[in-house]
Amino acid sequence: MDIDLLSGNTLRKLMKEKPVYLVDVRTREEYMKRHICGAVNIPSEEIEEMECNDLSLIKRFADMRKCGFKIVFYCRSGNRSMLCAKILKERGINCASLYGGIEEFMIDE
């Protein structure tokens, strides 16, 4: 199962070219301390606990894809976001993960 891995520079370029639904999967506390502008916070635990019949969260991601958004997950280092991307991919929703997480993204700036 291939998951798109985006570098910080690639994500910044993508954000200028098309709508991106940026999902910070860290804890609410981590998100409040620092996040990428425009990102929504959906902690990885919520995504991991999704059941196949939990239509609200799955529908939210599917609707964003239908509207032309590229869904990109990120966390601190890239591990949690990769797990979340795999979960969505298993449910048929294409998405990407920010390689190296917010730490790498902020270094690239």
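**Exercise 1. Lay out the sheet.** In what order do the five strands of the open sheet stand, and is the pairing parallel or antiparallel?

*Solution.* The five strands run in the order 1-5-4-2-3, with parallel pairing. Strands here are DSSP runs of E, at least two residues long, and helices are runs of H or I, at least four long, both numbered from the N terminus. Two strands pair if DSSP finds at least two bridges between them. The edges are strand 1 (4-6) and strand 3 (40-41), each pairing on one side only.

This is a predicted model: local features need pLDDT of at least 70, side-chain atom pairs count only at pLDDT 80 or more, and totals for chains, interfaces and linings use all residues. Residues are numbered from 1 along each chain as its sequence is written, and side-chain values use heavy atoms, leaving out hydrogens and water.

**Exercise 2. Follow strand 2.** Which strands pair with strand 2, and over how many bridges?

*Solution.* Take strand 4: strand 2 pairs with it over five bridges. There, aspartate 24 has tyrosine 74 as its bridge partner. Now take strand 3: strand 2 pairs with it over two bridges. Valine 23 is matched with valine 40.

Next, check the side chains. In a regular strand they alternate between the two faces of the sheet. Val20, Leu22 and Asp24 point one way, Tyr21 and Val23 the other. All of these are buried (under 20% relative accessible area with a 1.4 Å probe, protein chains only; exposed is over 50%, partly exposed in between).

**Exercise 3. Place lysine 70.** Is lysine 70 buried or exposed, and what does its side chain contact?

*Solution.* Start with the position: lysine 70 lies in strand 4 (residues 70-74). Its relative accessible area is 15%, so lysine 70 is buried. Its side chain makes a polar contact with the side chain of aspartate 4, at 2.8 Å. Such a contact is a pair of N or O atoms within 3.5 Å; within protein, one must be able to donate a hydrogen and the other to accept it, and residues adjacent in sequence count only if both atoms are side-chain atoms. Aspartate 4 itself stands opposite alanine 96 in strand 5.

**Exercise 4. Classify a ring pair.** Why is the pair of tyrosine 21 and phenylalanine 61 edge-to-face?

*Solution.* Rings of Phe, Tyr and Trp (its six-membered ring) pair if their centres lie within 6.5 Å; planes under 30 degrees apart are stacked, over 60 edge-to-face, the rest tilted. The count is two aromatic pairs. In this one the centres are 6.3 Å apart and the planes stand at 70 degrees, so the pair is edge-to-face. Tyrosine 21 is in strand 2 and phenylalanine 61 in helix 4 (residues 55-66), 40 residues apart. Both are buried.
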